[in-house]
Each structure stands twice: as C-alpha cells, then as structure tokens.
Amino acid sequence: HECVADPKKAQLEADMELLCQRGVYSEDKTSLNLQGWNLMSAQLAAGDVATIALWLKDNEVMTTLILEDNKIRAEGAAALA
C-alpha cells in the first residue's frame, strides 16, 4: 500500500473525483486542475457542496463553478460563503 502523508487530503481528493463524475468541466479533467465546472442539475446536496467548499480553499485555478438547480439549501450555501 502507498503511504499517504495526509489522509484527510487524500479522502477529500477521492470525494472530489467522485463529484467530478457528475459534472462537465473545461480544461484538464482532473480535480486538481479544474478551471470551469458545471454541476447544474447534478443532484448535489449540502454535504456535496461542503466537500467542494473545502477543496476550493486550496484551488488557485477555478474561475467558474455552476451550481444551479441543486438541493444545496442554506447549509450548502453557508459552506461556500
């Protein structure tokens, strides 16, 4: 097995890879290099958006994120704020 220096970061990356399968992206199609991500109508819940919010803290290339028509509610919006 491969040694993981930061298991929380590894789990976040794994969660993001799963979320990437629901969206349409521009540029490099890996969770580390997304510049644009369309998750319109991807059936996201507040927990999914909380994962995205954590990932965005370390992302320096994202310029577009579309979350229209999901069920993120106030809890998800607060995670993004």
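The following exercises, with worked solutions, concern a predicted model of one chain.

**Exercise 1.** State how the confidence is spread over the chain and its elements.

Solution. Start with the whole chain: its pLDDT averages 79, and 80% of the residues score at least 70. Then go to the elements. The lowest mean pLDDT, 56, belongs to strand S1 (residues 24-26). Helix H3 (residues 73-80) has the highest, 90.

**Exercise 2.** Give the secondary structure content of the chain and the order of its elements.

Solution. The count is three helices and three strands. Read from the N terminus, the order is α-β-β-α-β-α.

**Exercise 3.** Describe burial, surface and contact range in the chain.

Solution. Of the 81 residues, 32% count as buried. The accessible surface is about 5,600 Å², and carbon and sulfur atoms account for 51% of that surface. For contact range, take the contacts between residues at least 6 apart in sequence; 60% of these join residues at least 24 apart.

**Exercise 4.** Which residues of H1 and H2 meet, and how are the two helices oriented?

Solution. Locate the helices first: H1 covers residues 7-20 and H2 covers residues 46-56. Their axes come within 10 Å and cross at roughly 120°. Angles of 65 to 115 degrees count as roughly perpendicular and those over 145 as roughly antiparallel. H1 and H2 are therefore oblique to each other. The handedness of the crossing is left-handed. Last come the residues: on the H1 side they are Leu12, Glu13, Asp15, Met16 and Leu19, and these meet Asp48, Thr51, Ile52, Leu54 and Trp55 in H2.

Definitions and conventions. Residues are numbered from 1 along each chain as its sequence is written. This is a predicted model: local features need pLDDT of at least 70, side-chain atom pairs count only at pLDDT 80 or more; totals for chains, interfaces and linings use all residues. Side-chain values use heavy atoms; hydrogens and water are left out. pLDDT is the predictor's confidence in each residue, from 0 to 100. Helices (H or I, at least four residues) and strands (E, at least two) are DSSP runs, numbered from the N terminus. Buried means under 20% relative accessible area, exposed over 50%, partly exposed in between (1.4 Å probe, protein chains only). Contact means heavy atoms within 4.5 Å. Accessible areas come from the Shrake-Rupley method with a 1.4 Å probe; for residues, only the protein chains shown count as cover. Axes are lines fitted to C-alpha atoms, for helices over the stretch in contact, and angles run from 0 to 180 degrees between N-to-C directions. Angles under 35 degrees count as roughly parallel, over 145 as roughly antiparallel, 65 to 115 as roughly perpendicular and the rest as oblique. A crossing is left-handed if the near helix is turned anticlockwise from the far one by less than a right angle, and right-handed if clockwise.
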